Amino acid sequence: MSDSQTHHPSSQPPQNDAVSIPIEIISDHEMALIDAVSIPIEIISDHEMALIDAAFSAVSRLKQNSVRSISLLSKRKLTGCSTQNDVVGDIEEGGRKKKIVNESFLYSFRRRRGLSVTDLTSTEWCEKQMEFVLHLGRPEKTNAMKAGSARHAALEEEVIKRVKVEAKSKEDIWALKLINFIVGANQLVFDGLTRELPVIGFTEGIWITGVIDEIRMPLTETDKVATLVDTKTRVRATLPSEPQRRNGRFQLMCYKHLWDTLAAGKFPYGQFFDFFSLNPNSELSTDIKNSTAKTGFPAETLSDVVIYYKNACCMLPQSNSQLLLRYENQVDQTLIGEDQFEHDSDWFETQIKTCLEFWMGNRSPHYAQKEERWKCNFCKFESVCERASNDEDKIDS
């Protein structure tokens, strides 16, 4: 198998002529990019996105007119469904009553970049914890999380070589993401394997992005299907609890949904440009144009890249209904076990709608189920969570 290369936006500050890029757009969760031909492109990883989420959260909080405690937010009662604002009360100002407007989480924190698969899986794990993350920022990575990130980087390096490329505009950033998908799709078709593939889709009126750990496609079979794989690392050499496995299954089903949507040609390109405020005719930087040329897909503008992207999506097969979760020991990378399961479309649609109810402000955040209250023992927000501090409701894992 020939190694592929992935380009990543350089972490170096841009020169004077570089266009500053808004944090909302840069922080599209770590889309590690893939190059099947031999040219790399680098993007932000799904794990590194924690830092960007925290920064974005801080900026959003500074824009608010008044400071409200998390405990007050947790007690709000929302009715109806709104993707923007809900009126939650009023205050006296200059002798007159003024309405206090509560914005949905989607509008407040993700309106310019959509949701990530990580956003959805974190919501499925515990909506209350997700609320704290949005308002207070993600806690620092634990050693176990750092080890997991390092393992994924090592797996990526087995088939991909990273090369840093300087992006000077948001059009450059998206051109790199799309090109990395294109070369990753080509790597899958010709080599039967690719890793860290960035995907984007539009569902239930919401843009969702993700990075698929691994995709396999046997080259010898006549009817080719893509098998989606996700590798989880474990501190203990034991299989995880059922809620953890359920969360992993939901993650892979999200990837399958995004993949199948692209393979079916259901990508709304016009809405894509509008939502992310992209100029399709904007000329790409010289560095990006040189990089795309090396991949075999020369492009002058983002619109040129989108044409290649459409063609790449057309050649994608539908993904296998059988999905695979792998669990490895963090210490020696030995396989602990595998969880191969069937995609459940009804269950997946229910989970997506439940998550979006939270993000769109249709209701207050749910706490972890009573039988899963052991999650609170490992939550960094336990000390400020009213429900978690109630020891009577906790159940040991």
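Here are a few questions and answers on helix packing, a hairpin and the cavities in this predicted model.

Local features need pLDDT of at least 70 and side-chain atom pairs count only at pLDDT 80 or more, while totals for chains, interfaces and linings use all residues. Numbering starts from 1 along each chain as its sequence is written, and side-chain values use heavy atoms, with hydrogens and water left out.

Q: How is the packing of α5 and α6 classed by angle?
A: Helices here are DSSP runs (H or I, at least four residues; strands are E, at least two), numbered from the N terminus. Helix α5 (residues 117–125) packs on helix α6 (residues 127–136) at about 130°, axes 5 Å apart. Axes are lines fitted to C-alpha atoms over the stretch in contact, with angles from 0 to 180 degrees between N-to-C directions. Under 35 degrees is roughly parallel, over 145 roughly antiparallel, 65 to 115 roughly perpendicular and the rest oblique, so the pair is oblique.

Q: Which residues of α6 does α5 meet?
A: Contact just means heavy atoms within 4.5 Å. From α5, the residues involved are Asp119, Ser122, Thr123 and Trp125, and on the α6 side they meet Glu127, Gln129 and Met130.

Q: In β10, what is the bridge partner of Leu325?
A: Strands pair if DSSP finds at least two bridges between them. Strands β9 (residues 322–329) and β10 (residues 335–342) run antiparallel, joined by 7 bridges. In β10, Leu325 is partnered by Asp339.

Q: Which residue in the hairpin of β9 and β10 takes a positive phi?
A: The hairpin has 5 residues between the strands. The positive phi, near 60°, belongs to Gln333.

Q: Which helix gives the largest share of the lining of the largest cavity?
A: Picture a 1 Å grid over the protein atoms alone: a cavity is a set of points where a 1.4 Å probe fits but cannot get out, and lining residues have an atom within 4 Å of a point. The largest share of that lining, 3 residues, comes from α6.
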